[in-house]
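Dear colleague,

I am handing over the structure below, together with my notes on what was found in it. Please read the notes with the model open beside them.

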Amino acid sequence: DGPERDAFEQAEWTSYFRDTINPLIEATAACAGLKPPLIWNQYGARLAYFRNFARDSDWPQRVRDRFERGVVTLLSLPGATFGRRTNPFAFTPVYLDSPYRPGEKMMIRSSCCMYYKRENGEKCYNCPVLKDADRERMRTAIAASRG
């Protein structure tokens, strides 16, 4: 542990993204006819969600500490590591009341997943582009379906 390990981990993350992940995202976006930010923008909420999961897990403390340290290292990387202006994992979660589990919160996604573009698809309750009035209609319908 210490500055040397931090530098080693940052170098490893940097080469991993440069040589593996960035080309994969570029190719996936090109095949789908999309811009890469549409994919990158999904990662912020996913990391925040998993970070919360890890904190609340019954994993051994040393495992949770190691995971958190990796997250901190990942978040310290500049946007250029990902071929972007900003780090796509840097995301400040916003929560709303869950209509599925009363009394619990759910995180608004960092980006729309575009599920509604599928045949018979609709926007998710926690979609960041869902209008408040539409979210309220969904909440009412979800509550009614719970009985």
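The notes that follow go from the overall fold to single residues and then to the charged pairs.

This is a predicted model, in which local features need pLDDT of at least 70 and side-chain atom pairs count only at pLDDT 80 or more, while totals for chains, interfaces and linings use all residues. Residues are numbered from 1 along each chain as its sequence is written, and side-chain values use heavy atoms, with hydrogens and water left out.

The protein chain has five helices and two strands, taken as DSSP runs (helices: H or I, at least four residues; strands: E, at least two) and numbered from the N terminus. From that terminus on, the order of the elements is α-α-α-α-β-β-α, and the C-alpha atoms fill a box of roughly 55 × 40 × 20 Å along the principal axes. Of the 147 residues, 29% count as buried, where buried means under 20% relative accessible area, exposed over 50%, and partly exposed in between (1.4 Å probe, protein chains only).

One buried residue is N22, in helix α1 (residues 3-32), which has 14% relative accessibility. Leaving aside residues up to four places away in sequence, N22 touches F17, W40, T81, F82 and G83, a contact being heavy atoms within 4.5 Å.

Turning to charge, the count comes to nine salt bridges, each defined as a side-chain nitrogen of Lys or Arg within 4 Å of a carboxyl oxygen of Asp or Glu. R55 and E68 form a salt bridge at 3.8 Å, N to O, and this pair links distant parts of the chain, with R55 in helix α3 and E68 in helix α4 (residues 61-76), 13 residues apart. Both side chains are partly exposed, R55 at 45% relative accessibility and E68 at 22%.

Two further salt bridges lie within helix α5 (residues 132-146). R137 and D134 meet at 2.2 Å, N to O, and are separated by about one helical turn because they are three residues apart in that helix; R137 is exposed at 53%, whereas D134 is partly exposed at 27%. In the pair of R139 and E136, the closest N and O atoms are 2.6 Å apart, and these residues too are separated by about one helical turn, being three residues apart in helix α5. R139 is partly exposed, with a relative accessible area of 33%, as is E136, with 39%. Elsewhere, salt bridges that share partners join R5, E9 and R66 into one network.

With best regards
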